[in-house]
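Biologist: Hey, can you walk me through how the protein and the DNA meet here? Keep it simple, please.

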2 protein chains.
Amino acid sequence: MPGMEPETDLVERWRSLLTCYNKVACDLERTLQEAHGLTLSEYETLDRLTTQERDKRRMQDLAETMYLSQSALSRTVSRLAKGGLVERTHCEIDRRGVFVAITEAGRQRWTEARKTHLAVLAEHLTPATA
Amino acid sequence: MPGMEPETDLVERWRSLLTCYNKVACDLERTLQEAHGLTLSEYETLDRLTTQERDKRRMQDLAETMYLSQSALSRTVSRLAKGGLVERTHCEIDRRGVFVAITEAGRQRWTEARKTHLAVLAEHLTPATA
DNA sequence: AAACATTAGATGCGCACGCATCTAATGTTC
DNA sequence: GAACATTAGATGCGTGCGCATCTAATGTTT
């Protein structure tokens, strides 16, 4: 009898996703803040900016690869800019657009934070973690 | 050469977890709110109260099976109580403790919301979703 | 039993979030 | 080219969160 109780499976999968995610995210958030003064979103933003080869990214492109709402990303970039980890430059061709570029300080901060990030991840999801 | 690049794998797993979780959670949050006036946390709390057989649960026991901080759970239960979906009763033996019991209205609301919940889950994580 | 430590849960606080809206620039239509 | 629609990103607003702290009840020590 196929499809007997797929609901239970579904809910169970979701619950483990929920639990697992929150454990990791919470720990990451706390640890990154303590050790490097970065929010998880801030770290992830820097990460996108270093990983993707281009040195400049439009907000929009950045948004596509992220999980944040448009407004949340906007504010995250604002915070990073205020801290000097990122620079905003107007797009010449389309002056509505905004380019975001990581600064040297940003790259440095990211390099340090990366170790912490990896350590926390390793601690939580090394084996098969649902 | 074992352990060559476990870092990349680790980060990739995390990223997909992050993305997947946020998609589902965000949709769930929005849909549950619209259709039933429930927060995700509120729904999950009701879910714990109906699924676990006991009719009464101490805050502490409830907290163990959940992903929320103590304060967040406390406020979630407050909201549910204000809406009449849950009842708090003092524990006689240890008067610091608080029992939480789902009400008939709560059970009803949960029953309706469950359909929505399952539908959203099905929509997002039917196949192999990382 | 008086003083101290611990524990259960509530609450003040600051913060990041999503939604809706606003502003300014670009595209489109007549 | 003037009026309207659309688009990129910023901002007002309300909300739920975690952390730290507070309150009240229980345990423990002497």
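**Protein meets DNA**

Modeller: H4(B) gives the most to the surface near DNA strand D, with five residues. A residue is near a strand if one of its heavy atoms lies within 4 Å of it, and helices (H or I, at least four residues) and strands (E, at least two) are DSSP runs, numbered from the N terminus.

Biologist: Quick check, what kind of model is this, and how do the labels work?

Modeller: This is a predicted model: local features need pLDDT of at least 70, side-chain atom pairs count only at pLDDT 80 or more, and totals for chains, interfaces and linings use all residues. Residues are numbered from 1 along each chain as its sequence is written, chains are lettered from A and ligands numbered from 1 in the order in which they are written, and side-chain values use heavy atoms, with hydrogens and water left out.

Biologist: Cool. How many residues surround DNA strand D, and which are the closest?

Modeller: There are 25 around DNA strand D, and the closest are Gln60(A), Ser74(A), Arg75(A), Ser41(B) and Ser69(B).

Biologist: And how do the residues near strand D divide by type?

Modeller: Five are nonpolar, ten polar and ten charged. Here Ala, Val, Leu, Ile, Met, Phe, Trp, Tyr, Cys and Pro count as nonpolar, Asp, Glu, Lys and Arg as charged, and the others, Gly among them, as polar.

Biologist: Which part of strand D comes within 4 Å of the protein, sugar and phosphate or bases?

Modeller: Of the strand D atoms within that distance, 60% belong to sugar or phosphate, and the rest to bases.

Biologist: Any polar contacts with its phosphates?

Modeller: Yep, meaning a pair of N or O atoms within 3.5 Å; within protein, one must be able to donate a hydrogen and the other to accept it, and residues adjacent in sequence count only if both atoms are side-chain atoms. The side chain of Arg30(A) has an N or O atom 2.8 Å from a phosphate oxygen of strand D. Val98(A) uses a polar backbone atom, 2.9 Å from a phosphate oxygen of strand D.

Biologist: Switching over, what's closest to DNA strand C?

Modeller: Ser41(A), Ser69(A), Gln60(B), Ser74(B) and Arg75(B) are the closest of the 25 residues that surround strand C.

Biologist: Which helix gives the largest share there?

Modeller: That's H4(A), with five residues.

Biologist: How does Gln70(B) meet strand C?

Modeller: A polar side-chain atom of Gln70(B) lies 2.9 Å from a base nitrogen of strand C. Gln60(B) goes for the backbone of the DNA instead: a side-chain N or O atom of Gln60(B) is 2.2 Å from a phosphate oxygen of strand C.
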